[in-house]
Amino acid sequence: MSAENIDLLAKMIVTDGHAAWADIYQKAMNEPGELIHGPQYQKYDFGRYLDNVHSGGLIDLFYCYAYHDGYIDMVDWRGEDEDGQIASFVARRIGAYRPKSNLGVCLSELEKLTQYDEETNQDFAAGDYVLQQFALVSDYLAPLGLVLGGINIGWDSYLIFVTTNENMAVLEAIDDHHFTIHGFD
């Protein structure tokens, strides 16, 4: 069932507890008007997702929440919207899991790994360069016991997140027809 799977996803990638998601889910099922008009939800723009919550759109609602609160990021299949997008996101998420890490050093190292290089990029087919960036970030995260993952909900962008290796093993086993989870090796 999607609701249980999405709740599991929230438990695995939301680092400050997933109580907010549980509240949002209950409101979506029982009081959708509260998600549109409630002052604590104004920041999310849930309105466009509420019409199809009961027919599989719950993952879209989760995306809206998780993206806005910084637990996931969206990267176009052709690459970053801005240089350093992936590095900044991953460094912040490292901080959530490994608070004693020197995030300035992490950010600098990640920026070097993911930096767009005109010459190198010519060797990649359209869309493959961003996958190379994801693989390099995954290699960087491995010694920290972390992994870069993606949520596939059928969009032409990658919804990326960082979690522990243990959590990723659980997430990759989810069998849901509304979304899939994968790593970037």
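The legends below accompany several views of a predicted protein model.

**Figure 1. Overall fold of the predicted model, with nine helices and four strands.** Followed along the sequence, these elements come in the order α-α-α-α-β-α-α-α-α-β-β-α-β. The radius of gyration is 17 Å, close to the 16 Å that the globule rule gives for 185 residues, so the protein is as compact as a globular protein of that length. The C-alpha trace spans about 50 × 35 × 30 Å along its principal axes. Of the contacts between residues at least 6 apart in sequence, 57% join residues that are at least 24 apart.

**Figure 2. Surface and charges of the protein, whose accessible surface comes to about 9400 Å².** Carbon and sulfur atoms account for 48% of this accessible surface, and 48% of the 185 residues count as buried. The protein carries 10 positive and 30 negative charges, and the mean positions of these two sets lie 9 Å apart.

**Figure 3. Helix 4 (residues 58–68) and the elements around it.** Nine of the eleven residues of helix 4 are buried, so this helix is largely enclosed by the rest of the structure. The buried residues are Leu58, Ile59, Asp60, Leu61, Phe62, Tyr63, Cys64, Tyr65 and Ala66. They pack against three helices, namely helix 1 (2–13), helix 2 (19–30) and helix 3 (32–37), and also against strand 1 (73–76), strand 2 (146–152) and strand 3 (157–164). Just after helix 4, Gly70 adopts a positive phi of about 85 degrees.

**Figure 4. The aromatic cluster that includes Phe62 and Tyr65.** Phe62 and Tyr65, both of which are buried residues of helix 4, belong to one aromatic cluster together with Trp21, Tyr44, Phe46 and Tyr71. In the structure as a whole there are eleven aromatic pairs.

**Figure 5. The aromatic pair formed by Phe134 and Phe184.** A pair of aromatic rings is described by the distance of the centres and the angle of the planes. For Phe134 and Phe184 the centres lie 4.5 Å apart and the planes make an angle of 45 degrees, an arrangement that counts as tilted. Phe134 lies in helix 8 (residues 128–141), whereas Phe184 lies in the segment after strand 4 (180–183), so the pair ties together parts that are 50 residues apart in sequence. Both Phe134 and Phe184 are buried.

**Figure 6. Leu144 in the loop between helix 8 and strand 2.** With a relative accessible area of 26%, Leu144 is partly exposed. When residues up to four places away in sequence are not counted, Leu144 touches Ile94 and Arg98. Leu144 and Asn165, which are 21 residues apart in sequence, are 9.4 Å apart in space from C-alpha to C-alpha.

**Figure 7. Lys43 in the loop between helix 3 and helix 4.** Lys43 is partly exposed, and its relative accessible area is 45%. Leaving aside residues up to four places away in sequence, Lys43 touches His68 and Asp69. A separation of 22 Å lies between the C-alpha atoms of Lys43 and Ala3, which are 40 residues apart along the chain.

Technical notes: Residues numbered from 1 in each chain as written. Predicted model: local features only at pLDDT ≥ 70, side-chain atom pairs only at ≥ 80, totals over all residues. Heavy atoms only, no water. Helix = DSSP H or I, 4+ residues; strand = E, 2+ residues; numbered from the N terminus. Rg over C-alpha atoms; globule rule 2.2 N^0.38 Å. Buried < 20%, exposed > 50% of the residue type's maximum accessible area, 1.4 Å probe, protein only. Contact = heavy atoms within 4.5 Å. Areas by Shrake-Rupley, 256 points an atom, 1.4 Å probe, with all protein chains shown as cover. Lys, Arg positive; Asp, Glu negative; His and termini not counted. Charge placed at Lys NZ, Arg CZ, Asp CG, Glu CD. Phe/Tyr/Trp six-rings, centres within 6.5 Å; stacked < 30°, edge-to-face > 60°.
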